[in-house]
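Student: I would like to learn how to read a few features of a model. Could we begin with the surface and then go inside?

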Amino acid sequence: MSAQKAGAQAGSQAGAQADSRPGAQTSLASTPSPTLDAGPRPRRTARKRKEIATAYTMLIPSFIGVGFFLMVPIVLVIAISFVNWNLISPPTFVGLSNYETMFSSPGFWNSVKVTVVFSLIAIPAAIILGLLIAVGLNRKLPGSGVLQIMYVIPWVAAPLALGIVWSWLLAPSGLINEVLGTRASWLSSETTALPVVAFVYVWQNVGYISLFFLAALQSIPRDIYEAASLDGAGPLRTLWSITMPLVRPTTFFVTVTSFIASFQIFDLVYGLTDGNPGYPGGTTDVIAARIYTAAFASPRIGEAAAMAVFLMVLIVAVTVIQQRYFARRMTYEMS
């Protein structure tokens with residue numbers, strides 16, 4: 001006990017001596033934090049500004065291209081939509097008259113309906129077939145490289161030329177009817193005209209879509225499929241639960257681009273209908289063809305510009321909806 005008391009007294013005396021030293025009564029909270037050297041900061045800021053200036057300098061050509069070939073035409077089309085102009089007499093300001101004429105026209109709404117129906121037929125078919133073709137090509141069977149080239153050739157070709165060739169093939173005396181042994185008027189019937197146009201569109205674009213899906217499939221690690229196989233997952237289960245979630249970013253891209261292309265389709269329809277978009281009975285009267293007819297056949301430039309503005313707003317709105325739908329459903333992690 002005496003030893004313990006002696007130790008306690010020695011400890012208290014040492015603590016008192018330590019406390020009595022000048023500046024000894026400090027705490028962790030009152031200890032000044034080390035200050036950073038402010039010398040290099042201006043140098044880093046100057047370097048950062050130089051990098052930003054270099055980046056914007058390199059983007060100047062793109063800004064010029066986007067400005068002159070995208071923004072300026074959009075502004076001009078919006079301005080023209082408020083005037084009455086036939087390309088000969090001077091334009092006269094009419095306010096919203098072109099939009100009132102457009103919205104009150106049954107033919108315009110028929111064009112919107114035809115375009116929407118065409119997109120609903122063509123886009124899902126092209127995406128599904130493109131994904132299935134990509135899955136087959138990803139197996140790297142003999143001849144896959146040749147098939148990739150064959151699938152891409154229609155997409156590279158001019159749509160107008162493809163439309164003319166297919167109009168010959170689908171004629172009553174064309175090759176298709178000779179093979180089938182019929183005399184069907186595929187493009188002259190109101191029942192089959194639009195589905196045939198959608199078929200040709202899918203045939204043309206399925207190779208383009210399959211290449212994007214193939215690139216996405218090749219980036220998926222094989223370990224994921226091996227683990228799924230060990231767990232007893234079959235091909236359909238693997239496709240639905242693994243492949244499709246991992247290629248959603250690609251699905252979003254091809255869906256948006258295909259939607260924009262389908263709403264702007266004109267040259268393919270023009271070639272298939274021998275220069276008479278809308279034939280037969282307005283079943284192929286897509287909105288881009290109506291804009292062309294209003295601008296160069298009438299000509300009613302102001303009304304055509306109003307329809308072009310409506311088409312732009314519609315495409316932007318649907319694209320934003322698609323972006324919001326896919327935003328929370330995308331998976332970017334591949335490992």
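Student: Which residues form a nonpolar patch on the surface?

Tutor: Patches are made of residues with over 30% relative accessible area and no salt bridge (a side-chain nitrogen of Lys or Arg within 4 Å of a carboxyl oxygen of Asp or Glu); like charges are joined within 9 Å, and nonpolar side chains (Val, Leu, Ile, Met, Phe, Trp, Tyr) within 5 Å. Here Ile 60, Ile 64, Phe 68, Phe 69, Val 72 and Leu 76 form the patch, and together they have about 640 Å² of accessible area. Accessible areas come from the Shrake-Rupley method with a 1.4 Å probe, and for residues only the protein chains shown count as cover.

This is a predicted model, in which local features need pLDDT of at least 70 and side-chain atom pairs count only at pLDDT 80 or more, while totals for chains, interfaces and linings use all residues. Residues are numbered from 1 along each chain as its sequence is written, and side-chain values use heavy atoms, with hydrogens and water left out.

Student: Where is Ile 64 placed?

Tutor: Helices (H or I, at least four residues) are DSSP runs numbered from the N terminus. Ile 64 is in helix α2, residues 40-80. Ile 64 counts as partly exposed because its relative accessibility is 45%; buried means under 20%, exposed over 50%, and partly exposed in between.

Student: How many residues does the largest nonpolar core have?

Tutor: A nonpolar core is a set of buried Ala, Val, Leu, Ile, Met, Phe, Trp, Tyr and Cys residues joined through side-chain atoms within 4.5 Å. The largest one has 61 residues, and Phe 118 and Phe 213 have the most contacts inside it. Helix α8 (residues 193-218) gives the most to this core, 14 residues. With contact meaning heavy atoms within 4.5 Å, Phe 213 touches residues including Ile 127, Leu 131, Val 247 and Val 254, leaving aside neighbours within four places in sequence.

Student: How many aromatic pairs are there?

Tutor: Rings of Phe, Tyr and Trp (its six-membered ring) pair if their centres lie within 6.5 Å; planes under 30 degrees apart count as stacked, over 60 as edge-to-face, the rest as tilted. The structure holds 18 pairs. One of them is Phe 108 with Phe 310, edge-to-face at 5.1 Å centre to centre and 75 degrees between the planes. Phe 108 is in helix α4 (residues 106-137) and Phe 310 in helix α14 (residues 301-327), 202 residues apart.

How values were computed:
Helices (H or I, at least four residues) and strands (E, at least two) are DSSP runs, numbered from the N terminus. Buried means under 20% relative accessible area, exposed over 50%, partly exposed in between (1.4 Å probe, protein chains only).
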